[in-house]
Amino acid sequence: MSSVGTSKGILEIAKFGLYVSVPIVLMYAFANNSKNIKKFMGNHSYVVYPPEAPRPHSPEEMREMARELARKKNVR
C-alpha cells in the first residue's frame, strides 16, 4: 500500500463535503432571509426584450395576396 492513497481519500472526502455544504449554506443565507435575496436581485438587471414585431398576415390575407399577384401576372 502507498501513502498516496490515504491522502487522496481525505481530499475526496473534503471535496465532497464542500460540494454538499456550499448549496446548503447558500440556501440558508437566501431562503431564510428575504433581505439578502432582495439585495442580491436588486443589483442585477432583468432581461429587457425588444419591442414586439408586427404580426404575420393571416392565412386568408396570404391567399388574397397570392391571388392578387396571380391576377397581375396573368394581365401582363
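Which helix holds both E64 and R67, and how many residues apart are they? Both sit in helix α3, which covers residues 59–75, and they are three residues apart, or about one turn of the helix. Keep in mind that this is a predicted model. Here's a quick tour, from the whole chain down to single side chains.

**The big picture**

- The chain has three helices and zero strands, so if you read along the sequence you get the pattern α-α-α.
- With 76 residues, a compact globule would have a radius of gyration near 11 Å, but this chain comes in at 32 Å.
- The C-alpha trace spans about 95 × 45 × 20 Å along its principal axes.
- Buried residues make up 0% of the 76 residues.
- About 7800 Å² of the chain is exposed, and carbon and sulfur atoms supply 66% of that area.

**How confident is the prediction?**

- Mean pLDDT for the chain is 84, with 91% of the residues reaching 70 or more.
- Among the elements of the chain, helix α3 has the highest mean pLDDT, at 92.
- At the other end of the scale is helix α2 (residues 34–42), whose mean pLDDT of 77 is the lowest.
- As a rule of thumb, where pLDDT is low, the predicted coordinates should not be read in detail.

**The first helix and its greasy side**

- UniProt, in an unreviewed entry, places a "transmembrane region" at residues 13–31.
- In the model, that stretch is 100% helix and 0% strand, and its end C-alpha atoms lie 27 Å apart.
- A nonpolar surface patch of about 700 Å² is built from F16, L18, Y19, V20, V22, I24 and L26.
- One of the patch members, F16, belongs to helix α1, which runs over residues 3–31.
- F16 counts as exposed because its relative accessibility is 56%, and the cut-off for exposed is over 50%.

**Charged pairs in the third helix**

- Side chains of opposite charge can pair when their charged atoms come close.
- The model has five salt bridges by the rule used here.
- E64 and R67 form one salt bridge, at 3.5 Å from N to O.
- E64 also pairs with R71, where the closest N and O atoms are 3.9 Å apart; the limit for a salt bridge is within 4 Å.
- R71 has another partner in E68, and there the closest N and O atoms are 3.2 Å apart.
- E68 and R71 are separated by about one helical turn because they are three residues apart in helix α3.
- Through shared partners, these salt bridges join E64, R67, E68 and R71 into one network.

**Buried or exposed: where do the network residues fall?**

- E64 is partly exposed, since its relative accessible area is 33%.
- E68 is partly exposed too, at 35% relative accessibility.
- R67 has a relative accessible area of 44%, so it counts as partly exposed.
- R71, at 45% relative accessibility, also counts as partly exposed.
- Each of these calls follows because partly exposed is the range between buried, under 20%, and exposed, over 50%.

Conventions. Residues numbered from 1 in each chain as written. Predicted model: local features only at pLDDT ≥ 70, side-chain atom pairs only at ≥ 80, totals over all residues. Heavy atoms only, no water. UniProt positions renumbered as here; feature names shortened; annotations may be inferred. Helix = DSSP H or I, 4+ residues; strand = E, 2+ residues; numbered from the N terminus. Patch = residues over 30% accessible without salt bridge, like charges linked within 9 Å, V, L, I, M, F, W, Y side chains within 5 Å. Areas by Shrake-Rupley, 256 points an atom, 1.4 Å probe, with all protein chains shown as cover. Salt bridge = Lys/Arg side-chain N within 4 Å of Asp/Glu carboxyl O. Buried < 20%, exposed > 50% of the residue type's maximum accessible area, 1.4 Å probe, protein only. pLDDT = per-residue confidence, 0-100. Rg over C-alpha atoms; globule rule 2.2 N^0.38 Å.
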